[in-house]
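Student: I have a model open and want to talk through how its helices pack. Can we start with one helix pair and move on from there?

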Amino acid sequence: MNNTLDLKSILPDSIEKLHHAYCLEGRRENILNILLKFLEDGLKFGVKGNPDFYSGDFDTLGIEEGRTINQMQSRRAVSSLRRIFIISANFITKEAQNSLLKMFEEPSGGAVFFLIIPSASILLPTLRSRMMIVNLNHIESSNNSLSTALFDIKKFIKSPIAERLAMVKKIADKIADEEVSRSIAVDFLNNLEREILDKSTSADAKRNNLYVFNEIDKCRNYAGDRSPSIKILLEHIALIMP
């Protein structure tokens, strides 16, 4: 896989044509650098010292942070017709999402938002519907390589419970950093969901796996909580898998 991506093939070629809100799914450390390069080189929108540019990085985006961003976007542009807001977060509380609904639907003064999150599944449907979703989870990184090395999805699905739990323990012991463990947990859950879906070729199979899909979605959301136990979440999935 390529660890670089030319956003020109995905996003408009001029700043005037940009949609007012994008949700970029994937690893923020990769996506942010690619997005900044696209803004500067592709759209000729300078980000250094630009009063019409904002970039915020959050573990959990709460209602107070949401209100602050809302206040900033309500101001007029200083040096250009567009203002760019980049918001990177592992998780966004429901209260914060509700407070951002109107801002994402009707931004003030030509504001354009890029929301970088691990998965759009953590968003409320009402907020998700206001954005263009771009899945960039295929961009490779050192974290993704580590996730692949620690978790063989096909083997995980076929293994008995004891072996699944051993695989979970392996990743829990290997990773101490909270942000990295969250990212790898979300990667694993996304890949597991995709693998099960690909194997569910019939309507009956999809119905039979509905409970597993729901539990994967719940665990993916819990992974964004303030103090999630990644080991417990993945152990739960290991136990409920058929």
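Tutor: Yes. This is a predicted model, and in it helix 2 and helix 3 cross in a right-handed way.

Student: Which classes do the residues of that contact of helix 2 with helix 3 divide into?

Tutor: Five are nonpolar, four are polar and one is charged.

Student: And at what angle do the axes of helix 2 and helix 3 cross?

Tutor: Roughly 15°, with the axes coming within 8 Å. Because angles under 35 degrees count as roughly parallel, helix 2 is roughly parallel to helix 3. Helix 2 covers residues 63-73, and helix 3 covers residues 94-105.

Student: Which residues in helix 2 and helix 3 meet?

Tutor: From helix 2, Ile 63, Gly 66, Ile 69, Asn 70 and Gln 73. Their partners in helix 3 are Glu 95, Ala 96, Ser 99, Leu 100 and Met 103.

Student: Switching to pockets. How much space lies in the largest pocket?

Tutor: About 270 Å³. It is lined by 16 residues, and the closest to its centre are Phe 91, Lys 94, Ile 122, Leu 124 and Asn 221.

Student: Which helices each supply at least two residues of the lining?

Tutor: Helix 3, helix 4 (125-128) and helix 10 (210-222) do. Helix 10 gives the largest share, four residues.

Student: What is the lining like by class?

Tutor: Six nonpolar, four polar and six charged residues.

Student: Back to helix 10, then. At what angle do helix 10 and helix 11 pack?

Tutor: About 175°, and their axes are 10 Å apart. That angle makes helix 10 roughly antiparallel to helix 11. Helix 11 is residues 230-240.

Student: Which residues make the contact?

Tutor: Helix 10 contributes Tyr 211, Val 212, Glu 215, Ile 216, Cys 219 and Tyr 222. On the helix 11 side there are Leu 233, His 236, Ile 237 and Ile 240.

Student: How many residues of the contact of helix 10 with helix 11 are nonpolar, polar and charged?

Tutor: Eight are nonpolar, one is polar and one is charged.

Methods:
Residues are numbered from 1 along each chain as its sequence is written. This is a predicted model: local features need pLDDT of at least 70, side-chain atom pairs count only at pLDDT 80 or more; totals for chains, interfaces and linings use all residues. Side-chain values use heavy atoms; hydrogens and water are left out. Axes are lines fitted to C-alpha atoms, for helices over the stretch in contact, and angles run from 0 to 180 degrees between N-to-C directions. Angles under 35 degrees count as roughly parallel, over 145 as roughly antiparallel, 65 to 115 as roughly perpendicular and the rest as oblique. A crossing is left-handed if the near helix is turned anticlockwise from the far one by less than a right angle, and right-handed if clockwise. Contact means heavy atoms within 4.5 Å. Ala, Val, Leu, Ile, Met, Phe, Trp, Tyr, Cys and Pro count as nonpolar, Asp, Glu, Lys and Arg as charged, and the others, Gly among them, as polar. On a 1 Å grid over the protein atoms alone, a cavity is a set of points where a 1.4 Å probe fits but cannot get out, and a pocket is an open set with protein on both sides within 12 Å along at least five of seven lines; lining residues have an atom within 4 Å of a point. Grid points are joined across faces, edges and corners, and a volume is the space filled by probe spheres set on the points.
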